[in-house]
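Student: I've got this model open in my viewer and would like to work through it with you. Let's start with the pocket.

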Amino acid sequence: MPEWLVEEGIGERRALLIEGDDVLAARLRWPGELAAGDEFEGRLLRKNGARGVAEHPSGREVLVDRLPRDASEGASYRFAVARAAMTERGRFKLPAARPANEASPIAEDVFETGKPVRRLPSGAWEEVWHAASSGEIGFAGGSLLFSVTPAMTLIDIDGDLPPRELALAAVPEIARWLPLFDLGGSIGIDFPTLQAKLERKAVDAALEEALADWPHERTAMNGFGFVQIVARLEGPSLLHRFATSRVGLAARMALRRAEMVEGPGVTLLTVHPALKAKLKPEWIAELERRSARPVRIEIDPGLAIEAAAAQIVGHDD
């Protein structure tokens, strides 16, 4: 039976859906984010028909829709968040909400219902993290390249197999990584061009079977090999976070690596200069509390942003 495991990291919460040795899905949440399903009492600041802007108790603005006709600016209403805030290249999208009685139910908040663990299974989070960082997934005979754009997430398929074989080989990898990257919204898949209608139907059938347990709507493959998928969008995917907050993600991963090293002495954390500014004093204090060791930070301009290293050194090193 699949089970969500939740790791309370420093600066973020991580969750993986595990069944046996298989990782089926991943989620990530940062403190202070408004998450899909959160309810709040908010004051309606502006209204334009059924849409408007409300003020969250924290002072943040939230886009709202499905407002009743008699909703009045300045009045307070109960809202439920439908989508978390999204940062895209060149713009910031406010969180979106609806009146609580109009909101679609959220299937599950895994961070509340999942099983808390001190540490996720060895290597599991790292695999997902590095895959999202690169945006590229290799498989026998080909690869998937994920690209985030403001309009949609695009998946390009490349390889040296014959077009039909390449398309069919890509299907199970696409089905695997959509939930691992926590993707939603509009997703476009650029398959190899298949001239024969029967070949396109074979790929459509394979996609239908592979994605049967993943809620979505999907077009049939067109003559150019393009398929569009639309899935419920509740917040930024791992790919979106890497596209817009790579340094913040890398800083949190650096803290995770530092927390995982063991032994007496001092934790030496070596990071790219860009990361040092992202390491909040309260995060370092929490790392010292969890590890019961002092922390020393050194910078190395030659180190990749994602390649922070942690080790234990003596007090005099």
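Student: Which residues lie nearest the centre of the largest pocket?

Tutor: Bear in mind that this is a predicted model: local features need pLDDT of at least 70, side-chain atom pairs count only at pLDDT 80 or more, and totals for chains, interfaces and linings use all residues. Residues are numbered from 1 along each chain as its sequence is written, and side-chain values use heavy atoms, with hydrogens and water left out. A pocket, on a 1 Å grid over the protein atoms alone, is an open set of points where a 1.4 Å probe fits, with protein on both sides within 12 Å along at least five of seven lines; lining residues have an atom within 4 Å of a point. Of the 45 residues lining the largest one, those nearest its centre are Trp-4, Arg-27, Pro-179, Asp-182 and Trp-214.

Student: And what volume does the largest pocket have?

Tutor: Volume here is the space filled by probe spheres set on the grid points, which are joined across faces, edges and corners. For the largest pocket that comes to about 1200 Å³.

Student: Which element gives the largest share of that pocket's lining?

Tutor: Helices (H or I, at least four residues) and strands (E, at least two) are DSSP runs, numbered from the N terminus. Strand S3 (22-29), helix H1 (110-113), helix H3 (163-180) and helix H4 (197-210) each give two or more residues to the lining. The largest share is seven residues, and they come from S3.

Student: How many of the lining residues are charged?

Tutor: Count Ala, Val, Leu, Ile, Met, Phe, Trp, Tyr, Cys and Pro as nonpolar, Asp, Glu, Lys and Arg as charged, and the others, Gly among them, as polar. The lining then has 28 nonpolar residues and two polar ones. The charged residues number 15.

Student: Back to Asp-182: is it buried, exposed or partly exposed?

Tutor: Asp-182 sits in the loop between H3 and strand S15 (185-190), and its phi is positive, near 55 degrees, though it's no glycine. Buried means under 20% relative accessible area and exposed over 50%, with partly exposed in between (1.4 Å probe, protein chains only). Asp-182 has 24% relative accessibility, so it counts as partly exposed.

Student: Why does Arg-241 count as buried?

Tutor: Arg-241 belongs to helix H5 (residues 238-260). Setting aside neighbours within four places in sequence, its contacts (heavy atoms within 4.5 Å) are Leu-28, Arg-29, Trp-30, Glu-33, Pro-236, Arg-246 and Leu-249. It counts as buried because its relative accessibility is 5%.

Student: How wide an arc do the buried residues of H7 cover?

Tutor: In helix H7 (residues 281-291), the buried residues are Trp-283, Ile-284, Leu-287 and Ser-291. The arc is taken from the directions from the helix axis to the C-beta atoms. These residues lie on the same side of H7, because their arc is only 100 degrees.

Student: What covers that buried side of H7?

Tutor: Turned away from it is the face with the exposed residues Pro-281 and Arg-289. The cover over the buried residues includes H5, strand S18 (266-271) and strand S19 (295-299).

Student: What relative accessible area does Ala-292 have?

Tutor: Ala-292 comes just after H7, in the loop leading to S19. It isn't a glycine, yet its phi is positive, about 55 degrees. Ala-292 is exposed, with a relative accessible area of 69%.

Student: Which strands stand at the edges of the six-stranded sheet?

Tutor: This open sheet has mixed pairing and runs in the order S12-S13-S14-S15-S17-S16. Strands pair if DSSP finds at least two bridges between them; strand S13 (residues 142-148) and strand S14 (residues 153-159), for example, are antiparallel over seven. Two strands have a single partner each, so one side of each lacks a neighbour in the sheet: strand S12 (136-139) and strand S16 (217-218).

Student: In the hairpin of S4 and S5, which residue takes a positive phi?

Tutor: Strand S4 (residues 39-48) and strand S5 (residues 51-55) run antiparallel and are joined by five bridges. Among the partners, Arg-46 is bridged to Val-53 in S5. The hairpin has two residues between its strands, and the positive phi, near 70 degrees, belongs to Gly-49.
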